[in-house]
Amino acid sequence: MAVPKFKTSKARTRRRRSINMKLTAPNLIQCSTCGNKVLLHRVCQKCGFYRGRQVIIPDSKV
């Protein structure tokens, strides 16, 4: 079994961990009906459409 010869420094450990812990920005697309930015495979909260069909009735701001 392999045994490390020297102690791994905090900087080296944290550098290695930080590479794998990066967050990615969500992929946003434009709604085909209103042009609002929405997440993939989600109903548009502005107009209520999903894949060309009205799925929900959005809350109207009065």
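Helices and strands here are DSSP runs, with a helix needing at least four residues in state H or I and a strand at least two in state E, numbered from the N terminus. Keep in mind as you read that this is a predicted model.

Let's begin with helix α1, which covers residues 10–20 and holds Arg-14. Thr-13 has its place in helix α1 too. How exposed or buried are these neighbours? Arg-14 comes out at 57% relative accessibility, so it is exposed, since the cut-off for that label is over 50%. Thr-13 has a value of 14% and therefore counts as buried, the limit there being under 20%. The side chain of Thr-13 also has a polar partner: one of its polar atoms sits 2.9 Å from the backbone oxygen of Ser-9.

Arg-14 isn't on its own, charge-wise. It belongs to a positive surface patch, along with Lys-7, Lys-10, Arg-12, Arg-15, Arg-16 and Arg-17. If you're colouring the surface by charge, these are the residues to pick out for that patch.

Moving on along the chain, we reach the loop between α1 and β1, where β1 is residues 28–30, and there we find Leu-23. Is this leucine buried or exposed? Its relative accessible area is 83%, so Leu-23 counts as exposed. For a sense of scale, take Leu-23 and Pro-58: they are 35 residues apart along the chain, and their C-alpha atoms are separated by 31 Å.

Next up is the loop between β1 and β2, home to Gly-35. With 35% relative accessibility, Gly-35 lands in the partly exposed class, because that value falls between the 20% and 50% limits.

The loop after that, between β2 (37–39) and β3, contains His-41. Its backbone deserves a look: phi of His-41 is near 60°, a positive value in a residue other than glycine. His-41 is also exposed, given its relative accessibility of 64%.

Which residue in the loop between β3 and β4 has a positive phi without being a glycine? That's Arg-51, which is placed in this loop and has a phi of about 55°. At 73% relative accessibility, Arg-51 counts as exposed.

Gly-52 lies in that loop as well, with β3 being residues 49–50 and β4 residues 53–54. Gly-52 is exposed, as its relative accessibility is 53%. Two C-alpha distances help to place Gly-52 in the fold. From Gly-52 to Ile-29 you have 23 residues in sequence and 14 Å in space. Between Gly-35 and Gly-52, 17 residues apart along the chain, the C-alpha separation is 13 Å.

Definitions and conventions:
Residues numbered from 1 in each chain as written. Predicted model: local features only at pLDDT ≥ 70, side-chain atom pairs only at ≥ 80, totals over all residues. Heavy atoms only, no water. Patch = residues over 30% accessible without salt bridge, like charges linked within 9 Å, V, L, I, M, F, W, Y side chains within 5 Å. Areas by Shrake-Rupley, 256 points an atom, 1.4 Å probe, with all protein chains shown as cover. Salt bridge = Lys/Arg side-chain N within 4 Å of Asp/Glu carboxyl O. Lys, Arg positive; Asp, Glu negative; His and termini not counted. Charge placed at Lys NZ, Arg CZ, Asp CG, Glu CD. Buried < 20%, exposed > 50% of the residue type's maximum accessible area, 1.4 Å probe, protein only. Polar contact = N/O pair within 3.5 Å; in protein donor to acceptor, adjacent residues only side chain to side chain.
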